[in-house]
Amino acid sequence: MKASAAATHTSLIKQKAKELGFSHCGVAKAGFLEEEAPRLEAWLKGNMNGQMHYMANHFDKRLDPTKLVPGAKSVISFLYNYYPEQDLAQSSHYKIAKYAYGTDYHFVIKDKLRELLQYIYDTIGEVEGRAFTDSAPVMERQWAQKSGLGWLGKNSLLLNKQKGSFFFLAELILDLDLEPDIPLAKDFCGNCTRCIDACPTEAIVTPGVVDGSRCISYYTIELKEAIPEEVKGKFENWVFGCDICQDVCPWNRFSTPHQEAEFQPHPDMRGMKKGDWEEISREVFNKVFKKSAVKRTKYEGFVRNINFVRQKKEEH
Ligand code: SF4
Ligand code: SF4
C-alpha cells in the first residue's frame, strides 16, 4: 500500500532529525492546549514565576500554536542530549548546571533547526514554519509529552525512558500535515518522590508543580536583586542553575554522554579550584564562559552567587 503524504513527510523529517543529532523526534497535532490553560493560570496567579514576568506575557500564544504560526497543523518536538562525559559537580566545589558547560544551546540547537527547516523547504516544498528552543512562548514539555517523547515527572520535567531528562527540548511548528505520535498512556514515576525530597528549597510544591520563584535556578540566574536571606545555606554550592532534582531521578541512570563537541566545557573550567572560583576576575569569567549560557548572569551576578553560597559557609 502506498504511504500517505503525511506519513512520507513525517519519516523524512524524523530521518533528517536523527542525522542532525537529535536523539528523539515526535509529532503532535497543533491545537489549543485546553487542559493546560487552568494549570498555567493557577501557576501565574500563585506568583510562581517570581520576577520572570515574561512568563505571564502572551498567555494565548503559549496555549495555541496557531497564534505563533498561522494555520499551524503540526508541532514537532525534538530532544538533544547534553549529558556530559564528566559531571564536574562531582569534583568542583562550586557547581554549575550541566546544560551550561559548553556553547549556549540556543545557538547550537537553533542552527540545527534552521538546517532542518531548509531541508523541509527543499524536499517537501512551500511550508510555513518556525523553529523554537526555549526562545518563545511554547509549552515545550507539554508538546513533547503529547508527541509521545515521555511523561512529565514530579519534578515537572519531561522524562524519557531511554534518556532520562538531561536533554534540551526544541520544536518546529509547521502548517504541514504530519502523522502524530501517540502519547504515553501513563507516567513512570510511580511511588518515587526522590526529587521532591531532595529539593533543598522545597520548590516542588506538589507533584509536577515547581514554584519557579523558589528554585535555585531562578535565584542564581533570573533574580536580578540580592538573594533572600531565608534561603541562605540551602544552595548546596550550586552557583548557576541546579541539577539536584535530575541527579537524584532514577531514570537518569540511563543517561549516556552526548557527542556534541560544542557542549564541551572550556578546558580551564575543568581545573578551577575552590579559590579560583572565589577570586574569579572579569577576564577569567569572560574567557571561561565566552560562549556559555552562564554569561546570562553577567560577571556581577555570578560573583553575587558565589558570595551568597560562601557566606553560608562562613556563618554556619
Ligand atoms: S532545580 Fe534544584 S531548586 Fe529547582 S526544583 Fe529542582 S532541586 Fe529544587
Ligand atoms: S525523581 Fe522520581 S518522582 Fe521525581 S521525576 Fe524522577 S522518577 Fe519521578
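This report covers a four-strand sheet, the helices on it and two ligand shells.

The model is predicted: local features need pLDDT of at least 70, side-chain atom pairs count only at pLDDT 80 or more, and totals for chains, interfaces and linings use all residues. Residues are numbered from 1 along each chain as written, chains are lettered from A and ligands numbered from 1 in written order, and side-chain values use heavy atoms, without hydrogens and water.

**Sheet.** The open sheet has strand order 1-2-7-4 and antiparallel pairing. Strands are DSSP E runs of at least two residues, helices H or I runs of at least four, numbered from the N terminus. Two strands pair if DSSP finds at least two bridges between them. Strand 1 (24-29) and strand 4 are the edges; each has a single partner strand, so one side of each lacks a neighbour in the sheet. Strand 4 and strand 7 are joined by four bridges. One of the residues bridged is G129, whose partner in strand 7 is L174.

**Helix 4.** Residues 105-123 form this helix. Its buried residues (under 20% relative accessible area, 1.4 Å probe, protein chains only) include Y105, V108, K112 and L116. They pack against helix 1 (5-19), strand 2 (74-81), strand 4 (129-132) and strand 7 (167-174); contact means heavy atoms within 4.5 Å. G125 follows the helix, with a positive phi near 120°.

**Ligand shells.** A residue is near a ligand if one of its heavy atoms lies within 4 Å. Ala, Val, Leu, Ile, Met, Phe, Trp, Tyr, Cys and Pro count as nonpolar, Asp, Glu, Lys and Arg as charged, the others, Gly among them, as polar.

| Shell | Nonpolar | Polar | Charged |
|---|---|---|---|
| Ligand 1 | eight residues | one residue | no residues |
| Ligand 2 | seven residues | two residues | two residues |

C199 and C242 are among the residues around ligand 1. Ligand 2 has C189 and W251 among its surrounding residues.

Conventions
The expected span of a helix is 1.5 Å times one less than its number of residues. Buried means under 20% relative accessible area, exposed over 50%, partly exposed in between (1.4 Å probe, protein chains only).
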